[in-house]
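Here is a friendly briefing to read alongside the sequence and the model. Have both open, and rotate the view as you go.

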Amino acid sequence: MEGSKYGFRAHRGVQMVIQRAHWVQQQAMKESGTLIRIDLDFKNAFHSAGNSCFWAILRGLGVPDVDFLEDLYGKSWMKITVGTGCSAPIQLDTETVQGSVLSPLLFDLFLNALLRLLDATGIKHGIKRTPQWNHAAFADDLSIYVCTVRDANKILDVIHEFESWSGLWISIPKSLATGAMYGTGMEIRQEGAKADAAKRKRDAGPDILKLQIQALGAMDEALDANNIAKLSTKGQEAWRINSATMYRQCPICNIKKGNCHFPTKLHLNPPCLECKHAWKPSGIKFSRTSLKVIHGKTPIRLLGIRYNMWLDSTAQRHYVVMDGITDMACFLRKNRDISIENRLRLIECTLAPLLAFSGLVIIWPEKEFKRLTATFV
Ligand SMILES: [Zn+2]
């Protein structure tokens, strides 16, 4: 079995996949160059494992008694209880048997053939001073890590070939590509963003959102012209100021920034200049269809854990850990009649698993860790 396979295997889990990816990204952030990640989604993976090639793969891998397995799977059928009756027997011919203890193992062996193909391409993620590999797989999730668009397309071609042969289909709308440029390349681009921001500041004066505010004002006036009952101008003013400050959060990196970090074009929700200038992979295609590209600064969910290409896990810390803890603290505050033993048991049952799953593999800045401790106390 390939070392890059983490699903349905003893002593392996989601955390190891994430940790392995973190090490590469951490090293990448210290070096120069680009890293591209492609998350592929298998369409109904466990059901589409077409049987004939399935057995061919098992025989090729030297699994004993494949005939026996083939007989067992070939002759299995199921009945579904509907209300008081029962459906006609349904023959199973294109899937691993649901609920069978063998199914996960057989699926792993099947996917292993693809993973070996990927290793055989000789393509690596290319980040120096760290073990070289190009993919990580967990159950039906497959992530590809490469350093150039050319390599990405080569790997996708291999997967496409496997797809047409095995019947294990990729869902293109659910798959995505992301990437980042680190080191000197990124610095040059950030210099560009800084120069852009400085120029904006010089050209536009202290408040470049003035244009937006003026436009909103004009819109109000136009609406007022048709309106007999005039709204109080004081309320309008407050609303204008509110909306102007509201849009100063970048929709890509989710960081709140000063005005000059945003483009001057009248756009209600613009990305900040740094995100606008950041490198993004393009031209990644799977069987002639371009994959959706997500900005490297945007957190992406991988196996239930959200982080971006700079290992920023703010989203994970907030949505899951901090929100869960705050909810619990509010609940305990409201229900003061619960005994101290039961309170502690409640915390043990809910917060411990919440932290155990994702808390340990994401990065906690010291400030956030202090907040976590304070909330716990
Ligand atoms: Zn941004």
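The notes below go from the whole chain to a sheet, then to helix packing and a pair of buried side chains.

Please keep in mind that this is a predicted model. The protein has 377 residues, of which 26% count as buried. Its secondary structure comes to 13 helices and 13 strands. Among contacts with a separation of 6 or more, 68% join residues that are 24 or more positions apart.

**The five-strand sheet**

- Five strands make up an open sheet in the order 6-7-1-8-11, and the pairing within this sheet is mixed.
- Strand 6 and strand 11 (292-294) are the edge strands, each pairing on one side only.
- From one strand to the next, the twist averages 20 degrees.
- Helix 1 (residues 14-30) packs on this sheet, where helix 1 touches strand 1, strand 6, strand 7 and strand 8.
- The direction of helix 1 makes about 160 degrees with that of strand 6.

**Strand 1 and its two partners**

- Strand 1 (residues 33-41) runs antiparallel to strand 7 (residues 141-146), and six bridges join the two.
- If you would like a landmark in this pairing, look for Asp 41, whose bridge partner in strand 7 is Asp 141.
- Strand 1 is also antiparallel to strand 8 (residues 176-182), this time through seven bridges.
- Here a handy marker is Ile 38, which stands opposite Ala 177 in strand 8.

**The hairpin of strands 6 and 7**

- Strand 6 (residues 135-138) pairs with strand 7 in the antiparallel sense, over four bridges.
- Together, strand 6 and strand 7 form a hairpin with two residues between them.
- In the turn of this hairpin, Ala 139 has a positive phi of about 50 degrees.
- Two cross-strand pairs help you find the register: His 135 stands opposite Ile 144 in strand 7, and Ala 136 stands opposite Ser 143 in strand 7.
- Which way do the residues of strand 6 point? His 135 and Ala 137 point one way, while Ala 136 and Phe 138 point the other way.
- His 135, Ala 136, Ala 137 and Phe 138 are all buried.

**Helix 11 with helix 12**

- Two packed helices are described by the angle between their axes and the distance between the axes.
- For helix 11 (residues 314-334) and helix 12 (residues 340-358), the angle is about 175 degrees and the axes are 10 Å apart.
- Helix 11 and helix 12 are therefore roughly antiparallel to each other.
- On the helix 11 side, the contact is made by Gln 316, Val 320, Val 321, Gly 324, Ile 325, Met 328 and Leu 332.
- These residues meet Arg 343, Ile 347, Thr 350, Leu 351, Leu 354, Leu 355 and Ser 358 in helix 12.
- By class, the contact of helix 11 with helix 12 has nine nonpolar, four polar and one charged residues.

**Helix 11 with helix 13**

- Helix 11 also packs with helix 13 (residues 366-376), at an angle of about 20 degrees and with the axes 10 Å apart.
- Helix 11 and helix 13 are therefore roughly parallel to each other.
- The crossing of helix 11 past helix 13 is left-handed.
- In this contact, Arg 317, Ile 325, Thr 326 and Ala 329 of helix 11 meet Glu 368, Thr 375 and Phe 376 of helix 13.
- The residues of the contact of helix 11 with helix 13 divide into three nonpolar, two polar and two charged.

**Two buried residues of helix 5**

- Leu 114 has its place in helix 5 (residues 103-120), and Phe 110 lies in helix 5 too.
- Why does Leu 114 count as buried? Leu 114 has 22 C-beta neighbours inside 10 Å, and a residue is buried if that number is 20 or more.
- Phe 110 counts as buried because it has 22 C-beta neighbours inside 10 Å.
- Leaving aside neighbours within four places in sequence, Leu 114 is in contact with Ile 159 and Phe 162.
- Leu 114 and Val 158 are 44 residues apart in sequence, with 8.6 Å between them in space, C-alpha to C-alpha.
- Phe 110 and Leu 58 are 52 residues apart along the chain, and their C-alpha atoms are separated by 7.1 Å.

Note on methods
Residues are numbered from 1 along each chain as its sequence is written. This is a predicted model: local features need pLDDT of at least 70, side-chain atom pairs count only at pLDDT 80 or more; totals for chains, interfaces and linings use all residues. Two strands pair if DSSP finds at least two bridges between them. Axes are lines fitted to C-alpha atoms, for helices over the stretch in contact, and angles run from 0 to 180 degrees between N-to-C directions. Two residues are in contact if their C-beta atoms, placed from the backbone, lie within 7 Å. Angles under 35 degrees count as roughly parallel, over 145 as roughly antiparallel, 65 to 115 as roughly perpendicular and the rest as oblique. Ala, Val, Leu, Ile, Met, Phe, Trp, Tyr, Cys and Pro count as nonpolar, Asp, Glu, Lys and Arg as charged, and the others, Gly among them, as polar. A crossing is left-handed if the near helix is turned anticlockwise from the far one by less than a right angle, and right-handed if clockwise. A residue is buried if 20 or more other C-beta atoms lie within 10 Å of its own, exposed if 12 or fewer, and partly exposed in between; C-beta atoms are placed from the backbone.
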